[in-house]
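Biologist: Could you take one part of this model and walk me through it closely? I'd like to hear how the helices pack and what sits around them.

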Amino acid sequence: TVVTIIEVALGIVKPEVLMGQVLGMKALNWIFIILTIVKAYYITWDFMHMRDETKSLRRMVVWTAVFLILYLIFILLQEGGYVFDVYKDGFIKNDF
């Protein structure tokens, strides 16, 4: 509940201090991403009763979820940047 209250308060207020660019995104967006990961970890830990499981099972479930969330964020940022560039500059050909 506390993390959600912080997210909602930051979404409503949108402090000007957090609107600066950090690693290509606004600091406020990074805070939302970090708080979402914290919330997902807590939901897995507490509501899925992972704290009562063996250490290896906890690591396997929690770290796999964290890795997949971070990977999804990376993919969304990469694709979002490409789409933004296409709308801004027209067709862009990427040779990898």
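Modeller: Let's go straight to the pair α2 and α3, keeping in mind that this is a predicted model. Helix α2 covers residues 27-47 and helix α3 covers residues 55-89; their axes come within 11 Å and cross at roughly 155°. An angle over 145 degrees counts as roughly antiparallel, so that is what α2 and α3 are to each other. As for handedness, the α2 and α3 crossing is right-handed. On the α2 side, the contact is made by Trp 30, Ile 33, Ile 37, Ala 40, Tyr 41, Thr 44 and Trp 45. Facing them from α3 are Arg 58, Val 61, Val 62, Ile 69, Leu 70, Ile 73 and Leu 77. Sort the residues of this contact by type and you get 12 nonpolar, 1 polar and 1 charged.

There's a bit of helix logic worth having in hand when you read those lists. An α-helix has 3.6 residues a turn, so residues three or four places apart point the same way.

Now for the other partner of α2. Helix α1, residues 2-13, packs with α2 at an angle of about 165°, and the axes are 10 Å apart. That angle therefore makes α1 roughly antiparallel to α2. Here the crossing is left-handed, whereas that of α2 and α3 is right-handed. From α1, the residues in the contact are Val 3, Thr 4, Ile 6, Glu 7, Leu 10 and Gly 11. From α2 they are Leu 28, Ile 31, Phe 32, Leu 35, Thr 36, Val 38 and Lys 39. This contact divides into 8 nonpolar, 3 polar and 2 charged residues.

Glu 7 deserves a pause. It belongs to helix α1, and its relative accessibility is 14%. Buried means under 20%, so Glu 7 counts as buried. Leaving out neighbours within four places in sequence, Glu 7 is in contact with Phe 32, Leu 35, Thr 36 and Lys 39. Those four are also among the α2 residues that make the contact with α1.

Back to α2 itself, taken on its own. The helix has 21 residues, and the distance from its first C-alpha to its last is 29 Å, close to the 30 Å expected at 1.5 Å a residue. Its buried residues are Ala 27, Leu 28, Ile 33, Leu 35, Ile 37, Thr 44 and Asp 46. What covers them includes α1, α3 and the two strands β1 (21-22) and β2 (25-26). Among these buried residues, Ile 33, Ile 37 and Thr 44 are part of the contact with α3, while Leu 28 and Leu 35 belong to the contact with α1. After α2 comes His 49, with a positive phi near 60°.

Helix α3 can be checked in the same way. Its 35 residues should span 51 Å at 1.5 Å a residue, and the end C-alpha atoms are 50 Å apart, which agrees. Val 62, Val 66 and Ile 73 are buried in α3, and the buried residues of this helix pack against α2. Tyr 71 also sits in α3, but it is partly exposed, with a relative accessible area of 45%. Tyr 71 and His 49 are 22 residues apart in sequence and, C-alpha to C-alpha, 25 Å apart in space. Following α3 is Gly 90, whose phi is positive, near 95°.

That leaves the loops. Most residues other than glycine have a negative phi. Lys 14, though not a glycine, has a positive phi of about 50°. It lies in the loop between α1 and β1 and is partly exposed, at 47% relative accessible area. Leu 23 is another non-glycine with a positive phi, about 55°. Its place is the loop between β1 and β2, and with a relative accessibility of 78% it counts as exposed. Gly 20, like Lys 14, is found in the loop between α1 and β1. At 34% relative accessibility, Gly 20 counts as partly exposed. Beyond neighbours within four places in sequence, Gly 20 is in contact with Met 25, Lys 26 and Ala 27. Ala 27 brings us back to α2, where it is one of the buried residues.

Methods
Residues numbered from 1 in each chain as written. Predicted model: local features only at pLDDT ≥ 70, side-chain atom pairs only at ≥ 80, totals over all residues. Heavy atoms only, no water. Axes fitted to C-alpha atoms, helices over the stretch in contact; angles between N-to-C directions. Parallel < 35°, antiparallel > 145°, perpendicular 65-115°, else oblique. Left-handed = near helix turned anticlockwise from the far one by under 90°. Contact = heavy atoms within 4.5 Å. Nonpolar A, V, L, I, M, F, W, Y, C, P; charged D, E, K, R; others polar. Expected span 1.5 Å × (residues − 1). Buried < 20%, exposed > 50% of the residue type's maximum accessible area, 1.4 Å probe, protein only.
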